[in-house]
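Me: Please look at the aromatic contacts in this model and explain how each assignment follows.

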Amino acid sequence: MAYIPLARLHELYDGYRQSIRLAGQELLLVQDEGQVYLFANVCPHRQASLSNASINDGVLRCARHGLQFSLRTGQPLQPGGCNGTLQFFPLIYEGNTIGVEASS
Ligand code: FES
């Protein structure tokens, strides 16, 4: 396993957002309410990009159809709106960076 740094800790702030392409997958690294999240840049509803989603108070709102998802659980917040969830990836803090473990 190899550590891949994605951002330096001093670069992060609430509202931070970075698109990342890693191992052929589009990901989003965001910070909201002091918490950093890494998840697939794909809406679980109809697979729209989440690059333009709004993120506030722990809630991500997809720009395509407006469905909302909890950043803490990945679950949709509207009953019946969508059965999928945000796909999170574990983050690792190492030194002054945050990143992921990837198989080499
Ligand atoms: S594609 Fe995101 S809410 Fe429909």
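Reply: One definition is needed beforehand: buried means under 20% relative accessible area, exposed means over 50%, and partly exposed lies in between. The model is a predicted one.

Me: Is Phe88 buried, exposed or partly exposed?
Reply: The relative accessible area of Phe88 is 30%. Buried requires under 20% and exposed over 50%. Phe88 therefore counts as partly exposed.

Me: What kind of aromatic pair do Tyr37 and Phe88 form?
Reply: Three aromatic pairs occur in the structure. For Tyr37 and Phe88, the ring centres are 6.1 Å apart and the planes meet at 40 degrees. Planes under 30 degrees apart count as stacked and over 60 as edge-to-face. The pair of Tyr37 and Phe88 is tilted.

Me: How many residues apart are Tyr37 and Phe88?
Reply: Tyr37 belongs to strand E4 (residues 35-40). Phe88 sits in the loop between strand E7 (68-70) and strand E8 (92-94). The pair links distant parts of the chain, and the separation is 51 residues.

Me: What kind of aromatic pair do Phe39 and Phe88 form?
Reply: Phe39 lies in strand E4 and Phe88 in the loop between E7 and E8, so this pair ties together parts 49 residues apart in sequence. The centres are 5.9 Å apart, with 80 degrees between the planes. Since over 60 degrees is the cut-off, the pair of Phe39 and Phe88 is edge-to-face.

Me: Is Phe39 buried or exposed?
Reply: Phe39 has a relative accessible area of 0%. The limit for burial is under 20%, so Phe39 is buried.

Me: Which residues form one aromatic cluster?
Reply: Phe88 pairs with Tyr37. Phe88 also pairs with Phe39. The one cluster consists of Tyr37, Phe39 and Phe88.

Definitions and conventions
Residues numbered from 1 in each chain as written. Predicted model: local features only at pLDDT ≥ 70, side-chain atom pairs only at ≥ 80, totals over all residues. Heavy atoms only, no water. Phe/Tyr/Trp six-rings, centres within 6.5 Å; stacked < 30°, edge-to-face > 60°. Helix = DSSP H or I, 4+ residues; strand = E, 2+ residues; numbered from the N terminus. Buried < 20%, exposed > 50% of the residue type's maximum accessible area, 1.4 Å probe, protein only.
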